[in-house]
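Let's take a look around this protein, one residue at a time. Have the sequence and the 3D view open as you read.

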Amino acid sequence: MDANQDDLANPFGMDENCENCDLCGPRERVVHGYGDVGADFLFVGERPSADAEHAGVPFARDETFLSILRRLMLCRADSDPDEPELANVFVTYLTRCRDPERAPTDEEIATCEPYLNAEIRMINPEVIVPVGERALAEIATEYTTTAAEKFDVYDDHGERFRGRGFELVPMIAPDEQDEDETQTFVEAFAKLMASDYRQTKGRRSR
């Protein structure tokens with residue numbers, strides 16, 4: 001197990017009983033960020049899935065997403081899909097809670113934003129991967145100097161862009177990827193990992 005795995009569950013001491021927005025009503029539980037708190041790579045999705053909410057772990061049982069991490073050697077192949085053993089990667093969401101009938105509102109995302117900002121500050125990743133269109137729009141707005149509408153998660157899938165102190169690598173949401181798109185991302189990210197990414201902050205600038 002990775003040296004940082006002891007800090008996987010709620011590493012920032014966030015409130016388990018948060019009632020700051022309407023998502024507290026329908027939720028089963030709060031889903032905190034999870035992974036290696038010293039990671040170079042931070043993946044940010046929109047909101048917990050039903051499986052993630054049940055397990056309390058972001059992207060739990062998301063086979064496409066976990067297979068990508070396994071192929072990149074960021075997740076132990078034989079680990080529990082409800083509690084995967086991650087190395088050099090941290091996973092989280094824009095919102096910590098889930099309404100099963102709708103996506104989060106802008107206000108609900110804004111309510112959770114301090115949690116995400118705290119994770120980004122403490123982890124200080126080299127690369128942030130916004131997973132899905134909503135995550136890309138939010139991360140681009142907050143952490144690049146370019147308007148979010150200039151990005152497109154389908155056109156920019158697996159591409160590298162300059163952020164404020166890190167690289168931005170958009171990913172199409174796993175449940176929307178076909179096999180070719182998954183392969184494209186794995187190949188692009190493997191190439192990034194093989195590069196001197198700690199010094200080369202992106203080859204395309206936005």
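Start with Ile 120, which sits in helix H3, the stretch covering residues 106-123. Keep in mind that this is a predicted model. With a relative accessible area of 8%, Ile 120 counts as buried, because buried means under 20%. So who are its neighbours? Leaving out residues up to four places away in sequence, Ile 120 touches Leu 42, Pro 125, Ile 128 and Tyr 143. You can also look for Phe 90: its C-alpha is 9.9 Å from that of Ile 120, and the two are 30 residues apart in sequence.

Next, some backbone angles. Most residues other than glycine have a negative phi. Here are two non-glycine residues with a positive one:

| Residue | Phi | Relative accessible area | Place |
|---|---|---|---|
| Phe 59 | near 65 degrees | 6%, buried | loop between helix H1 (50-55) and helix H2 (63-71) |
| Asn 124 | near 50 degrees | 56%, exposed | loop between H3 and strand E4 (127-130) |

So Phe 59 is buried, whereas Asn 124 is exposed.

Now for some charge. Which residues form a negative surface patch? They are Glu 133, Asp 152, Asp 155, Asp 175 and Glu 176. Zoom in on Glu 176, and you'll find this residue in the loop between strand E6 (167-168) and helix H5 (179-194). Glu 176 is partly exposed, because its relative accessible area of 44% falls between the 20% and 50% cut-offs.

Conventions:
Residues numbered from 1 in each chain as written. Predicted model: local features only at pLDDT ≥ 70, side-chain atom pairs only at ≥ 80, totals over all residues. Heavy atoms only, no water. Patch = residues over 30% accessible without salt bridge, like charges linked within 9 Å, V, L, I, M, F, W, Y side chains within 5 Å. Areas by Shrake-Rupley, 256 points an atom, 1.4 Å probe, with all protein chains shown as cover. Salt bridge = Lys/Arg side-chain N within 4 Å of Asp/Glu carboxyl O. Lys, Arg positive; Asp, Glu negative; His and termini not counted. Charge placed at Lys NZ, Arg CZ, Asp CG, Glu CD. Helix = DSSP H or I, 4+ residues; strand = E, 2+ residues; numbered from the N terminus. Buried < 20%, exposed > 50% of the residue type's maximum accessible area, 1.4 Å probe, protein only. Contact = heavy atoms within 4.5 Å.
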